[in-house]
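Me: Hey, got a minute to go through a model with me? I'll just throw questions at you as they come up.

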Amino acid sequence: MRADARRNRERIVASALDLFAARGCAVGMDDIARDAGLGVGTLYRHFPDRRALVEEIAVSALARFRDRIAEVRERDVPRWDVLALAVEHCAGEPFALIKSLAGDGPAPPERLALQAEVDALLEEVAADAQGEGSVRRDIGPAEVIEIVSMAVCRPGARAGDPVTRVVLDGLRARP
């Protein structure tokens, strides 16, 4: 791919990420092209339809998330802090959009593999947090992640918003 075409593609994806994170799923392709400073024809040359663009965003967001959690998990920090960091990171990503894709037909193998990898990593973090006594043990690690996902994979989710705070408070182990 030519350098200018690669830059245009990166501008499209960056603009789409920003707009989806700020305004949710209702962002139009024209809005994305305009925000990227490109014509809509350039956008469609790179992404033949909205789903192709969203899939690229999904894969990119999941890969960043996986890498960030894996990096923090290697540090000697309480597992609750790793879980809280995961929540904070998710709040800045368009995961509500990604989650909505799950019902829109078959997912590409790359996204499915990344999602499975992220889920396994987060379940390990939840299990470790339960082992250290910071997360309640009356629900399994997979359910902990499912509950956290419901809080952060919704439009407008933020790390400190009331819904997210209540969910995290409910998951904390009590002395």
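Me: Straight in, then: does Glu71 count as buried, partly exposed or exposed?

Reply: Glu71 counts as partly exposed, at 42% relative accessibility. Buried means under 20% relative accessible area, exposed means over 50%, and partly exposed is in between, using a 1.4 Å probe and protein chains only. Bear in mind that this is a predicted model, where local features need pLDDT of at least 70 and side-chain atom pairs count only at pLDDT 80 or more, while totals for chains, interfaces and linings use all residues. Residues are numbered from 1 along each chain as its sequence is written, and side-chain values use heavy atoms, with hydrogens and water left out.

Me: Where is Glu71 found, and which side chain does a polar contact join it to?

Reply: Glu71 is found in helix 4, residues 50–73. Helices here are DSSP runs of H or I with at least four residues, strands are runs of E with at least two, and they are numbered from the N terminus. The side chains of Glu71 and Arg68 are joined by a polar contact of 3.2 Å. That term means a pair of N or O atoms within 3.5 Å; within protein, one must be able to donate a hydrogen and the other to accept it, and residues adjacent in sequence count only if both atoms are side-chain atoms.

Me: Zooming out, how many helices and strands are there?

Reply: The protein chain comes to 9 helices and 0 strands. Of its 175 residues, 41% count as buried.

Me: And the nonpolar core, which residues have the most contacts inside the largest one?

Reply: Those are Phe65, Ile69, Leu83, Phe95, Leu122 and Val144, in a core of 33 residues. Helices 4, 5, 6 (95–101), 7, 8 and 9 each supply at least two residues of this core. A second, separate core has 18 residues, including Val13, Ala36, Leu38 and Ile57. By nonpolar core I mean a set of buried Ala, Val, Leu, Ile, Met, Phe, Trp, Tyr and Cys residues joined through side-chain atoms within 4.5 Å.

Me: What does Phe95 touch?

Reply: Leaving aside neighbours within four places in sequence, Phe95 is in contact with Ala61, Leu62, Phe65, Cys90 and Cys153. Contact means heavy atoms within 4.5 Å.

Me: Val144 was on that core list. Which other residues of helix 8 are buried?

Reply: In helix 8 (residues 141–152), Ile145, Val148, Ala151 and Val152 are buried along with Val144. The buried residues fall within an arc of 115° seen down the axis, so they line one face of the helix. That arc is taken from the directions from the helix axis to the C-beta atoms. They pack against helix 5 (79–91), helix 7 (109–132) and helix 9 (162–171). Exposed Glu146 and Met150 sit on the face turned away from the buried side.

Me: Changing topic: is Gln130 buried or exposed?

Reply: Gln130 is buried, with a relative accessible area of 9%, and lies in helix 7. A polar atom of the Gln130 side chain lies 2.6 Å from the backbone oxygen of Ile139.

Me: Last one, what does UniProt list for residues 28–47?

Reply: The unreviewed UniProt entry lists them as "DNA-binding region", and residues 6–65 as "domain: HTH tetR-type". Positions follow the numbering used here, feature names are shortened, and annotations may be inferred rather than shown by experiment. In the model, residues 28–47 are 75% helix and 0% strand, while residues 6–65 are 82% helix and 0% strand.

Conventions. The expected span of a helix is 1.5 Å times one less than its number of residues.
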